[in-house]
Amino acid sequence: MSAPPSRAALAAAKARGQVLGGFRGKRFTPADHAAAAAGRRARGERNAQRLAPALAELRAAGVTSAAGLARALTERGIPTARGATTWRVTQVQNLPRNFGQSAGDETRRDMGGVTSGNWGGRPTVESCLALDLPKPVRDRIIQPGHTRVGTLTWTSRYPEQPRTSVTSSATLGQDRGHVRLLYRTTRRRTLSEHNETVAVLATPQPLGGQRWWFLCPLTGRRTSRLYLPLGATRFAARQAYRLAYRSQRESPRNRAISRAFKLRHQLGDSDGAIGDGLDKPKSMHAATFQRKIARLQRAEDLVHAHAAALFGTAE
């Protein structure tokens, strides 16, 4: 890291007539900002074309996780967009998901499904491990005035997030307490053990009782959930990692498709297609089933509307 310029160097630059900071005689217009954005997109497309063959080869060989791709790209000596020789997990996560896919695979993903949609960028809430405090308090797994020790286990729906467990010890007083977390993380091939204590507090509710909150270790804000993104080492609030929800990063058409499949899943249909008929689950009341069918019909009508706008109405 270079040292900051000395006062003498700054004085010499001023003597030469060089402008140091402040207004430089030009105010950027919307057209300038649009040109800059177009340049960034062009650089991103060139980077995608450069990485696509290597990513396709790695995925064909069975390397699909962000950590595995980062390790393989580093071992092959493929530089990042800025020329670094070491890839981080977050850099791989920020690559668009269709990098390295064949044209058929890309079209098939874009046409819909439970995991369809374009959501490049930073990690999302759904891809993180989450710790929920209010639910175990409601279920009396954790009680004020007691200490509880247990193990929290996750089994992810997403292939890039493995099965993980965290040993926890919760000690709650009447309105304050702490939760101790014991877990392991792997970063840059280094296994690290963590022993973290997170403060918790309770706030009174308008109709009586209390609600318990975590105090985020990074921001200090109250939060009911803590998240651990892939590649991170500490549980923290959603705002600390600037996490968004997956649906926020989908296009309107893909968001409609995801919603339709989500509603179908709630009705017990795990492998059907949009437009297929559904039978009422045995454990569901008829009125509930009709209400959910109406919501599903509206969602699928929206999918058909997007398809008609994209491909045109069939004759």
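**Salt bridges, helices and loops in a predicted model**

Me: What is the relative accessible area of aspartate 132?
Reply: Residues count as buried under 20% relative accessible area, as exposed over 50% and as partly exposed in between, with a 1.4 Å probe and protein chains only. By these limits aspartate 132 is partly exposed, because its relative accessible area is 29%.

Me: What pLDDT do local features need in this predicted model?
Reply: Residues are numbered from 1 along each chain as its sequence is written, and side-chain values use heavy atoms, with hydrogens and water left out. In this predicted model, side-chain atom pairs count only at pLDDT 80 or more, totals for chains, interfaces and linings use all residues, and local features need a pLDDT of at least 70.

Me: How many of the residues in the protein, as a percentage, are buried?
Reply: The protein has eight helices and eight strands, where helices (H or I, at least four residues) and strands (E, at least two) are DSSP runs numbered from the N terminus. Of the 315 residues in the protein, the buried share is 31%.

Me: Which residue forms a salt bridge with aspartate 132?
Reply: A salt bridge requires a side-chain nitrogen of Lys or Arg within 4 Å of a carboxyl oxygen of Asp or Glu, and by this rule the count comes to five. Aspartate 132 lies in strand 1 (residues 129-132) and its partner in strand 8 (residues 225-228), so the pair ties together parts that are 93 residues apart in sequence. The partner is partly exposed, at 36% relative accessibility. With closest N and O atoms 3.3 Å apart, the residue that pairs with aspartate 132 is arginine 225.

Me: Which residues are joined with Arg264 into one salt-bridge network?
Reply: Arginine 264 forms one salt bridge with aspartate 269, their closest N and O atoms being 2.8 Å apart, and both of these residues are buried. Arginine 264 also meets glutamate 300 in a salt bridge, again at 2.8 Å from N to O; arginine 264 is in helix 7 and glutamate 300 in helix 8 (residues 286-311), so this pair ties together parts 36 residues apart in sequence. Glutamate 300 is buried, as is arginine 264. Through shared partners, the salt bridges join Arg264 into one network with Asp269 and Glu300.

Me: How far apart in space are the C-alpha atoms of glutamine 266 and lysine 292?
Reply: Glutamine 266 lies in helix 7 (residues 252-266), and it counts as partly exposed because its relative accessibility is 36%. Leaving aside residues up to four places away in sequence, glutamine 266 touches Met284 and Lys292, a contact being heavy atoms within 4.5 Å. Glutamine 266 and lysine 292 are 26 residues apart in sequence, and their C-alpha atoms are separated by 8.7 Å.

Me: At what angle do the axes of helix 2 and helix 3 cross?
Reply: Ala54, Leu55, Leu58 and Arg59 in helix 2 meet Leu69, Ala72 and Leu73 in helix 3, and this contact has six nonpolar, no polar and one charged residues (Ala, Val, Leu, Ile, Met, Phe, Trp, Tyr, Cys and Pro count as nonpolar, Asp, Glu, Lys and Arg as charged, and the others, Gly among them, as polar). Axes are lines fitted to C-alpha atoms, for helices over the stretch in contact, and angles run from 0 to 180 degrees between N-to-C directions. The axes of helix 2 (residues 30-60) and helix 3 (residues 66-75) come within 11 Å and cross at roughly 125 degrees.

Me: Which helices do the buried residues of helix 3 pack against?
Reply: The buried residues of helix 3 are Ala66, Gly68, Leu69, Ala70, Ala72 and Leu73. Just after helix 3, glycine 77 takes a positive phi of about 75 degrees. The buried residues of helix 3 pack against helix 2 and helix 4 (89-93).

Me: What is the phi of arginine 242?
Reply: Arginine 242 is found in the loop between strand 8 and helix 7, and it counts as exposed because its relative accessibility is 57%. Most residues other than glycine have a negative phi. Arginine 242, although not a glycine, has a positive phi of about 50 degrees.
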